[in-house]
Amino acid sequence: MTSRSKWALAPAFFAIAIAATMLSAYSGASSSQGNSPVQPIQFPHPVHVKELGMNCLYCHNAANKSPDPGLPAVGTCMGCHTLIGPSRPAANGRPARTSEEIKKLQAFAPIGQPDKWKEIPWIRIHKLPEYVRFPHMRHVNAGVTCQSCHGPVQEMAQVYQNASLNMGWCLTCHVNGYQLSQGLEAAGDTVGAKAAAAAEPKKARYDCAVCHY
Amino acid sequence: MTQNTGPSGVKRRQFLKVLGAAGAATTAVGCTNEQVEKLIPYLNSPDQTVPGVSTYYTTSCRECAAACGIIAEVRDGRAVKLEGNPDHPVNKGALCAKGQSGLQGLYNPDRYRGPMIREGGKLVPTTWDKAIDTLVQKLGESRGAAANAAFINGPDSGSFAGYLDGWLGGYGFGSHLQYDPGADLAVEAANLAGYGVAMPKLDFASAKLVISIGADYLDGWGASVPQQMAFADARAKLADGPRVIYIGARRSLTGLNADTWIACQPGGEEAIARALLSAVGGNGGTVAAAAQASGVTEATLQGIVDELRGTKPSLVVSGVSTPGAGVIAGLCVDINKAAGNVGVTVKPGEALTGFGTSVGVGAMQGIIERANAGTLKLLMVRGVNPAYDTPKAMGFAAAMAKVPFKVSFSSYPDETSELCDLVLPDDHALESWGDVQATPGTIGLQQPVMDRIFDTRASADVMMMAARKDATLAARYPQKSYRDVVVARYGSAALTAALPKGMVSGNITGRAAAPMSVPAGAMGGDGEFFLVTYPHATLGMGEGANKPWLQELPDPVSKIVWQSWVEIHPATAKRLGVAAGDHLTVTTASGAVTAPAYIYLGIRPDTVAVAHGQGHTRYGRYAENLGVNALDVLGATWNAAGGLALTQGKARVAKAAEHSQLVTLEGSARQHGRGIGQALTVAELVSGATTEHHELPGDASHEFLPGLRSPVANDAQGDLGDPTSKDKGMYDPNHWSGMAKRRWAMTIDLARCTGCSACVTACYAENNIPTVGARWQGRSLRPFHTADGAGWDTRPGANILKGREMAWLRIERYFEGGEDGSSEFDTRFVPMMCQHCGNAPCEPVCPVYATYHAPDGLNVQVYNRCVGTRYCSNGCPYKVRYFNWHGYGEKERRQYAFPEPLHLQLNPDVTVRGKGVMEKCTFCVQRVREAENLAKLENRELQPDEFTTACAQACPSRAIVFGDAADPNWSVAKMVENSRGYHVFEELNTFTAVVYLKKVNHPAAGSAAAAVPAAAAAPAQGAH
Amino acid sequence: MATFAEPMRPNIASADVQLPAVKDYEQVDREISATLKPTKGWGAALALSIAMFLMGAAAWTYQIYWGLGNAGYNPPVMWGVYIITFVFWVGIGHAGTLISAILFLFRAGFRTTIYRCAEAMTVFAVMTAGLFPIIHIGRPWKFFWLVPYPNWRLLWPNFKSPLVWDVFAISTYLTVSATFLYVGLIPDIAVLRDRETNPLRKRLLAVMSLGWRNSEPEWRHFTRMYLFLAAFSTPLVLSVHSVVSFDFAMALTPGWHATIFPPYFVAGAIFSGIGMVFTIIIPIRKFFRLEHYVTINHLDAAAKLCLFTSMVVGCAYLIEFWVAWYSGNMYEQDYFWNRVFGQWWWAAWIMLTCNMIFPLSLFSQKLRRNPTWLFILSIFINLGMWYERFVIIVPSLSHEFEPWQWSSYLPSWVDVSILVGSFGWFFMWFLLFIKQLPVVAIAEVKEIVAPKMKRAHGHGGHH
Amino acid sequence: MRQGLVAVFPQLDALCDAIEALKKAKYEQFTVYTPAPRHEIEHALKPPMSPVRRFTLIGGLLGVTFGYWIAVWTSEYWPLVVGGKAIASWIPYTIIGFEVMVLVGALSTVAAMFINSRIPKLTMTVGADPRFTHGDYGIFVLAAPERLKEAEAMLRHHGAVEVRGEQ
C-alpha cells in the first residue's frame, strides 16, 4: 500500500464513524417496535374484522370519546360467544371447526355464571411513556385511521407493534400533516383513498406542552 | 370541571376491583422499563363510564360540621380530586384545605384494612363474621340498662344520629353523645338562645364595621368556607366594605386580616363586650372598666366604642375560648340585637345547620365518671378520638381502661381505637351513604363515589347486621344495607333526581339535642404568662394530623409545618434571652409541654400561645411523634355550655436547653421595600392617589400600565423580537394551530385573599405534588446506614429545613410595620406561583429547551426533557421552581411520597416527576388541554370561563381568576385592567402573566394612615 | 556568554532569562530524563491521590443512587459545591494556557521552564472541571442531551443557553489545550525515545513521538503551528472563562448580573492558576532537583504576575461594591451588604483576605524570591479562590429578590467527599504524568541554552 | 538513483557553514537535523514559508461558518421562543461560532503540521540519528553517487565529526 492510499483511508474512517452515529441516532434502538407477545387468548383480528366486518370501535369503544381507546369488557366478548361456542358444525358450505381459543374464553367466562368470570390478563403491546399524553379521540375524530399507527391489524393473526412510537415518528405527522388517503389505504379502503387523494394533509400542533405535561 | 354526570339509578356503583383499562399513570419520568404490563379490562362495562374519562359524583364533605357540598372526580373507579359543588348553598363551589384532604383520609396508608379484635393483649385482624358476633354478644351482655353502655360519635348533623339513637334504644341504651372538641359550644348555646339557631349566617358584606372578639372565622372556627366567602365578598367591596377590628390576645389569621388589632388581655374580653354593649344603648359597662380589665388603653377602646356607636350596620362576633365565653357570646348577641344587626348582618334565617348538635368535654366528664365508677360496661366510639382530644388531666384513657369492653368504629388506628377491644373500621365518608343538614330546608346528600378500597363496613351497616342477629330487633331492620334506608327515606325516584345536584329539600328530624348547660369554670393558674391554646387552622384539634397534605400545609400565621411551636412576643423573647427555635417549657398545674419558640409580633408580650393538633402517639405514620399536644397543659375547665376552655389562665414559661430549627417556609417575614404584596388605604383608593408604589431607586421608571403588557403573540417574541419577522412559526397569531391567539393569565386579588391556603392543597391534589416533610424522607447524613435507619436525617420536616418543599403555590406572609413591637402592623398575603413571564428569565438558560414559552402564553416545563441543571431556578426572580432532590415519585425509594394506597389519588393527567427533575406551576395545563379536547370533541370553541385552575377553583375567597387574557370575553381579561393591578418585580421586565390587585386597608378614621395617604406605609417601604 | 551571579532582577517582558547552571544540550537531556525515575515519595503521593479519588467516586456513586438530596443543596441555593468547584478547576486551567500561549506570544522568557508543568496542569484541571457539571445534574446519563447531534426526537440543544456555550467552550478548551500539550511534547518524546534502552518502552515512545526526527522541515512546520496554536489559545483562554462567567452574568440574580464579570473572571482564573502553578512547581523543583532550571528569577517573575492579577481581582471586588452602591439598585445593595457584613461575612472575608490582602506581600522582593513563602501563599490563594466562587454563587442565590425564599447553605459529606475526590483525581493524573513525560520542555530549554560553537563569538542570541 | 550521506556536527556554526557550502555547491536535496530550532539554521537555509497558515485560515473559516450555521439552523428547525428572545439570536451564537472556529482552526493547524511534516511516520527514517535529538546537529545529503565524495569532503571540512553513507 502506498503512503498516498494510506492517507485516503482517513476520510473513509471518518465517514464510517459519522454513518455509525447517524444510524444509531435514527434507528430508534430504544423502541419496542415489532413486539408481538403471545396473548392469553389468541384473538384473531382478521376473522373479526375482515370476515365478520366488525368495526374497531365495536370493541375499542372509547377510542373516539376518550384518551384511552378502551378494551372490550369480557361481557362484550360474551355477547356473541355465549352463542358462538368452540364447536361449529358444518353449515352454509363451511366446514366444521373447533376453536381452542373460544374454549379458553369460555373458561374465563363460564356461560350463565357471571359471578365466576375472571379478568383476561391481556398483555400490553402499545405503550407510550407515562410523560406523554396521547388522546385517542382527538386522532380518531380527526380522521386518523387506526391502521395509520397500529398497522394492518385486520391482517394480524397475532398483533404486533407496527410503528416505533418514537417522538420523531409522531412529529412526522404533526409537522408534515396526516394524509387521509394514506391512512385509508392502510385501512384497506382503496376506494376512499382514491377519493381523498386531493385532500390537504392535516397538520397538528407541535408545541411540547400539547403532549408533555 | 363542573359537569355533573348524574347516575341513572340509585344503586351502588359496580366498580370492580380492577382500575379499568387505563392503567394508573403513576410511573415516574425517566423510567422506560420494559416490564410486561397487563391490560385488565372490565368484566362488564359500568354504565356511564368511559375508561380514561372522569366521572363526577356529588356528595357532602364530612371533614367538619359545616357540611359543604362536594364533587368527587372519579377516574376509572378511583376518586382523584374533591372540589366544591358550585350549586351548593353553603360553599358555592369552594372547598377548604381540610375538605380537599378528605381524599388522604380515604387513601390513608395507615387505615385499618379490616376488623380487628384484641387477642392476647394485642389487636389482631379478624373476620367480619367473628367481629359482628363478638359485638352482638357484648351488646347482649350489656343490654337493658341505659347506663351500661355509651356511644361517643363525632359531629354528625345528618339523619344517622337519629338512626344511631334508634339502634341504641333497641338495646335499651341511652342516646349517643356527639363529641366535638373543636366546636365553640358557648357561642352555639348563646346563638341558640338569642337567635334561635346555633350558627347564623354572618353577612360581612352588609356590615360597615366588623368586630370580632376572638372569633377566628377564617381559622376554622365555625363554618370556614362560607364565612370566608362572605368575608372576601365584603372586602371586595373595597371602599364600601367593612372595617374589621379584631380583639384578642393573639393575632390569628382572622386577626391578621383585620384592619386593627386590639391586643386584649385574656379574660378582659367580657369588659370590652360590656363597654361595646353600652355603646349601642344596652346595659353594659364603662370603657374605663374595660381598659382596666383588658390592658388596652382607654383611648383605643373609646375609639372602638365610638366607632361602633357611629357605624351602622355593624357585626359583632364572639369566639372567645375562656371559661367565661358563654357570657361574652351572650353579650355579643345583645350588642347585635341592640345595634339592629339581626336580620341585617346576622342572618338566623340562613343559618348553617350543621352546627348545634355536639357536646364538649363537660359531657365527657359524665362518661369518665361512669367508667371510673365501674357502671359502664360497653363503650363505643366512632369518628372521634377522645383518648387524645380530651385534656389529659381529665384522665379519659385511664377511665376507659376500666370499661370491660370497648368498641371502636374508627377507620384509623388512633389513641382511642388502640385501647379498644374490637375495631370495626368504618367506611370513609366517600365510600358510604348518608345525609347532612346543610342549610334550613336543604339536606346535603352523601353517596359513595367509589367502591371501598379496604375490607371496611359502614357503621350503619354493621349496626344493622348486629341487630339482625338479635331476634327482638331483626324485624326493625329489614333492609339489606343503610343504602336502602337512605333510599327509603327520600324515595327512589326523588333521590335519583336529586343526586346530580347533591341536595334535596327538607329538614332532618331527630338530631342530637340542644347544648347542655353546666356551671362554667374560672380562669386560674399561676405564672408570669397567660397561656392561649387554639385549634390549628388545618389540623384542627388533631383530627387532620394524619394527612400529609395538611401537615405540609404551612400554618397560615406562623408558616410552620410538621412541628409544634410556642408563640412569644419579640420583646418577651428578648427579655428571656430566647431565640427562634429555642425550646420553651410551658407548665401549668395540669402538665407541661416543651416546644420551640416562634417569635411572633402578633401576640401580647404577657401571653404565650400553643396550637393544638400535634403530639399524637398513635395516629398513623404522618401524625405520630410530631410536636406536642397542647391538651396536656389544659385542665378540666369548661364554659357554661360544656365546651373546653382553651384559654384557662396563666402558665409558667421557662427556656429549655434544647434548640430545634423551626420547620418553616418563611425566609424573611419582611418585604424589605420590594413591593411584593402591595396595599392601598381606602382614602388612596378613593382619591386615586397611587401610593405605596414600589419604586426602585436608580432604575429607569416603569410606569405601570394596567393589564398585560404584551397580551398575545407578541409576548412570544418579546420587545426585542423582530416584529417584522416572517417566520414566527406557531407564535404567529395567524398560524394554522391558532395557539398564539390565546394568552393564559391570572389575576390575584389581594383584597380578597385571606391567606387560608386552600389553594395550596388544591394544587397538591391536582398536580401530584409530593409531600416531603415526613421523617423518613430526609437525606443521608453519613455514607453507611444501619438497618434501623440510623444515619438518615429523621427530624420532622428534614427536607423542609433544607428549603426543599415542593409546593408549586405558596402563600407568602409579609408583615409591614410593627418593627418597634407595636400591635399596629399590616399583613400581606401573597400567593406566589410561577408567573408565566412573557420574557421569562428561566427559559433562555435551559440548555435543552426543557422550559420554554408556549405560543399560548404558558411557561412550559417539559419534565422528560429536563436534565437537572437547575439553572432555571437561579434565573427565576420569583423562586417558584422546585427540584426533585430525591425519588419522591419512585416506589422503591425511601423518600417515596405516595405509599400505597395514597398513590391511587394521583391525577392520571399529570406526570409524576422523577428524581432529578425540575417542576413548577403549569397553570394546570392538563386542564387547558382537557378543555380543548372536550371542546373539540363537541366541535365548538372554548367558552369563556369554561374551566379554571385547581387553585382558583378551590379558593374560598374567590381571589384567583384564571383565563384567556387575549379574549375579552373571559373574566380575567377585564380583571387585568383593574387600576389596582401590578406585577411583582415589574422593573425586571419579565412581563408576567399574573397580575396582583392591591390589598385595600381600612385604617381607623382619624389615624395617621387614613389621614395622610401612604405616609404610614412609606417609612416601612423605604427601610431595609 | 556571561555568568550571572544570583540574584539578578529578571525582566518579565524579555526573553533574557538565563539558565547559568545549564551548560549544554546533553546536560538538559540527562537531568530531565533523570526526573522520570519513580521514587517512594512519588508512589506514596500517588497512592494518596488514588485513595482520595476513590472516596470521591464512591460518594458520587452514592449520590447517583440516592439522589442529589444528599448533597447540601438548600433551595433556592440550587448550585453549590459542584459548580463552585467546576469554576475553580476551570480557573486553575487558565494559568497554564496563559503561560504556554499568551506569554509565548509576548516572548516572556521565564515561561520556558515552567510552561510544560502549567500546561499539563491545565489539561488535568479542565478534565477535572468537566466532570463537575455532570456530577451536578444528578443524572449523568442525561448529559449528552447538551451535545448537538442528530436524533430521533428531532430535538437540539438551546444555543441561547450559557450552559451550551459552556459545553462548546470547555470541550474546545480541553481539546485545544490537550492538543497543544501533546504536540509540544512530540520533540521531547523523541528525545526520550532515542535515550530509552528498554525496547518495549522505546517502542511505545516511538509510537507516541509519531516518528519525529528533529529535521529542519519538521521544526519549520512545528514552530509555525505552535505560533498559530498559541494565537488561537490566547483568545480561547479569555473566552472560556468569559463564557463561564456568563453562566452567572446572564442570570438576573443580584450579584451575578454584572458586565464586569468576564474580565473579572478571567483575571481571577489566571490568578488562581498561578497560585496552583506555585503549589505544584515549588515542590517539583525541589524534589526533582530542578532549581537550576526553574530558578528563583522565574519564580520572581511569576510572582509579579501573581501580584498583578491579584490586584486586578481586588479591583474587580471593589468595583462590584462600588457599582452596587452607585447604581442605587436596592437588590444589589442589599445583597452586597449581606455578603460582606451579613450572613456570609466569614466567606467574604476569607476571599478578601486571601485574594486581596495576602498577595500584597509580593511587593516585597524578598518574599517574591522566597519559595517557601510563595508556596504558603499559593495555598491561601487556592483557598481564597475557591471561596471567591463560593461567595459569588451561594450568597447570591440565598439572598435574591424574593425575601420569602432567603435561605442558607451548608455542604454535606457527599459534597465534601467529591470535592476532595476531585483533588485526588487531578493529582493522580498529574503525578502519573510527571513520571512518564518530562515536566520541563527539553526542546525549548535547549533553545535558550547556548549552542556549541566552533568560533568563540558568543551565542547567537539575537532573535 | 541517488545515495545519501549523514554528517554529524557538534557545533552550530559548523553546521551553518556546511549548509551554506552545500547550497553554494548546488546540492539540492539535503535535510538538516537539529535538537532545537535555531535561527542561525534558518538564516543559512532560507527555507520557504511553511504552508501551515493556509490550513489555519481555512479551518478557522470553516469552523466559524459551521458554528453559526448549526446554531441558526437548529433554532429554525423547531422554533421555540425562550425568554422573549428572537428565535435565531445571532449575538449569542457568536460564542458558538467563535468556539467552533478555534476548535476547527486549531485542529486543522495541527493537521497541517502533520501533513506537511509527513508525520506520523512509523518506519525508521533514512538519514536520522539518535544524536540529533540529543546534542548534535546533522545533515543528510542526497545526491548522485558521483558527487558524494565531494560532499563528504566539504562536510568534514566544515566540522562534521562523522560522515557516513546511508541508503
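Helices here are DSSP runs of at least four residues, and strands are DSSP runs of at least two. Hi everyone, with that in hand we can start on chain A: this chain has 11 helices and three strands. Please keep in mind throughout that we are looking at a predicted model.

Reading chain A along its sequence, you meet the elements in the order α-α-α-α-β-β-α-β-α-α-α-α-α-α. How spread out is chain A, next to a compact globule? The globule rule gives 17 Å for 213 residues, and the radius of gyration of chain A is 23 Å, well over that, so chain A is more spread out than a compact globule. If you lay a box along the principal axes, the C-alpha atoms of chain A fill roughly 85 × 45 × 40 Å. Of the 213 residues in chain A, 26% are buried. As for contacts with a separation of 6 or more, 66% of those in chain A come from residues 24 or more positions apart.

Now, who touches whom? Five pairs of chains are in contact, and the pair sharing the most contacts is C and D. That contact draws 61 residues from chain D and 54 residues from chain C. On the chain D side, the elements giving two or more residues are helix H1 (12-24), strand E2 (29-33), helix H2 (39-45), helix H3 (52-77) and helix H4 (90-117). Which of them provides the largest share? That is H4(D), with 18 residues. Sorted by class, this side of chain D holds 36 nonpolar, 18 polar and seven charged residues.

Chain A also meets chain C: six residues of chain C are in contact with nine residues of chain A. The chain C side of that contact divides into four nonpolar, one polar and one charged residue. Between chain A and chain D, on the other hand, there is no contact, and their closest C-alpha atoms lie 8 Å apart.

While we are on chain D, its domain assignment gives domain 1 (3-48 + 132-166) and domain 2 (52-117). Taken over C-alpha atoms, the centres of these two domains of chain D are separated by 45 Å.

Let's move to chain B. Its assignment lists four domains: domain 1 (116-182 + 358-435 + 454-489), domain 2 (185-350), domain 3 (529-659) and domain 4 (679-771 + 806-881 + 920-1009). The C-alpha centres of domain 1 and domain 3 of chain B are 31 Å apart. Their contact takes 21 residues from domain 1 of chain B and 23 residues from domain 3 of chain B. On the domain 1 side, helix H12 (361-373) and helix H13 (386-389) of chain B are the elements that give two or more residues. H12(B) gives the most, with four residues. By class, that side has 10 nonpolar, six polar and five charged residues.

Next, one strand that I'd like you to find on the screen: E28 of chain B, residues 744-749. Why is E28(B) described as largely enclosed by the rest of the structure? Six of its six residues are buried, so the strand is largely enclosed. One side carries B:Trp744, B:Met746 and B:Ile748, and the other carries B:Ala745, B:Thr747 and B:Asp749. E28(B) pairs with strand E35 (residues 960-964) of chain B in the antiparallel sense, over five bridges. In that pairing, B:Met746 stands opposite B:Phe962. E28(B) also runs parallel to strand E37 (residues 994-997) of chain B, joined by four bridges. There, B:Ile748 has B:Tyr996 as its bridge partner.

Further along the chain, B:Ala762 sits in helix H22 (residues 758-767) of chain B. Is B:Ala762 buried or exposed? It has 30 C-beta neighbours inside 10 Å, so B:Ala762 counts as buried. Leaving aside neighbours within four places in sequence, its contacts are B:Gln100, B:Ala950, B:Cys951, B:Gln953 and B:Ala954. B:Ala950 is 188 residues from B:Ala762 along the chain, yet their C-alpha atoms are separated by 5.7 Å.

Last, the nonpolar cores. In soluble globular proteins, nonpolar side chains tend to be buried together. Here the largest nonpolar core has 521 residues, and those with the most contacts inside it are B:Ile213, B:Leu276, C:Met121 and C:Val277. Helix H5 (residues 162-195) of chain C provides the largest share of this core, 18 residues. A second, separate core has 29 residues, including D:Leu15, D:Ile19, D:Val32 and D:Val141. Thanks for listening!

Key. Residues numbered from 1 in each chain as written. Chains lettered and ligands numbered in written order. Predicted model: local features only at pLDDT ≥ 70, side-chain atom pairs only at ≥ 80, totals over all residues. Domains from an automatic or database assignment. Contact = placed C-beta atoms within 7 Å. Nonpolar A, V, L, I, M, F, W, Y, C, P; charged D, E, K, R; others polar. Rg over C-alpha atoms; globule rule 2.2 N^0.38 Å. Buried ≥ 20, exposed ≤ 12 C-beta atoms within 10 Å, placed from the backbone. Core = buried A, V, L, I, M, F, W, Y, C linked by C-beta atoms within 7 Å. Pairing = 2+ DSSP bridges.
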